[in-house]
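Here is a quick tour of one model, starting with charges and working outward to the whole chain. Have the structure open as you read.

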Amino acid sequence: MKKWNECTCSKAEDGDLILAWANLGTLVEGTIKLFLSVYLNDYLDDSTNYKNKKGVTTA
């Protein structure tokens with residue numbers, strides 16, 4: 001990702017933009033996974049979360 005901080009070109013190529021969005025998506029996905037792994041028990045104990053017809057919480 002250091003490449004995009006030092007880019008002196010006026011117009012990024014399509015491949016560079018695809019790589020930038022892929023990196024950003026990976027960072028967001030990793031953050032969400034970390035958040036859910038830490039707070040899973042709180043989510044399961046919450047009374048307002050989604051439950052199926054049998055009343056079982058689905059994670």
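## Salt bridge

This is a predicted model, and the salt-bridge count for it comes to one. The partners are E29 and K33, with their closest N and O atoms 3.5 Å apart. That falls inside the cut-off, because a side-chain nitrogen of Lys or Arg has to be within 4 Å of a carboxyl oxygen of Asp or Glu.

Both E29 and K33 sit in helix α2, four residues apart, or about one turn of the helix. How open are they? E29 has a relative accessible area of 44%, so it is partly exposed. K33 comes in at 54%, so it is exposed; the line between the two classes is drawn at 50%.

## Aromatic pair

Aromatic pairs also come to one. It joins F35 and Y39, whose ring centres are 4.8 Å apart with planes at 45 degrees, so the pair is tilted. An angle of under 30 degrees would have counted as stacked and one of over 60 as edge-to-face.

The spacing will look familiar: F35 and Y39 both lie in helix α2, four residues apart, about one turn of the helix. F35 is exposed, with a relative accessible area of 51%, while Y39 is partly exposed at 42%.

## Helix α2

Helix α2 covers residues 14-45. Does its length come out as expected or not, and what should the span be? With 32 residues at 1.5 Å a residue, α2 should span 46 Å, and its end C-alpha atoms are 45 Å apart, so the two values agree.

Still, α2 has a bend of about 65 degrees, located at Y39. Y39 is also one half of the tilted ring pair with F35.

## Nonpolar patch

There's a nonpolar patch of about 1,000 Å² on the surface. Its members are L17, W21, L24, V28, I32, L34, F35, L36, V38 and Y39, so both residues of the aromatic pair turn up here too.

L17 is another patch member, and it lies in helix α2. With a relative accessibility of 42%, L17 counts as partly exposed. Patch residues need over 30% relative accessible area, so L17 clears that bar.

## The whole chain

Zooming out, what is the protein built from, in helices and strands? There are two helices and zero strands. Of its 59 residues, 3% count as buried. The protein exposes about 5,600 Å², and carbon and sulfur atoms supply 61% of that area.

Definitions and conventions
Residues are numbered from 1 along each chain as its sequence is written. This is a predicted model: local features need pLDDT of at least 70, side-chain atom pairs count only at pLDDT 80 or more; totals for chains, interfaces and linings use all residues. Side-chain values use heavy atoms; hydrogens and water are left out. Patches are made of residues with over 30% relative accessible area and no salt bridge: like charges are joined within 9 Å, nonpolar side chains (Val, Leu, Ile, Met, Phe, Trp, Tyr) within 5 Å. Accessible areas come from the Shrake-Rupley method with a 1.4 Å probe; for residues, only the protein chains shown count as cover. Buried means under 20% relative accessible area, exposed over 50%, partly exposed in between (1.4 Å probe, protein chains only). The expected span of a helix is 1.5 Å times one less than its number of residues. The bend at a residue is the angle between axes fitted to the seven residues ending there and the seven starting there. Rings of Phe, Tyr and Trp (its six-membered ring) pair if their centres lie within 6.5 Å; planes under 30 degrees apart count as stacked, over 60 as edge-to-face and the rest as tilted.
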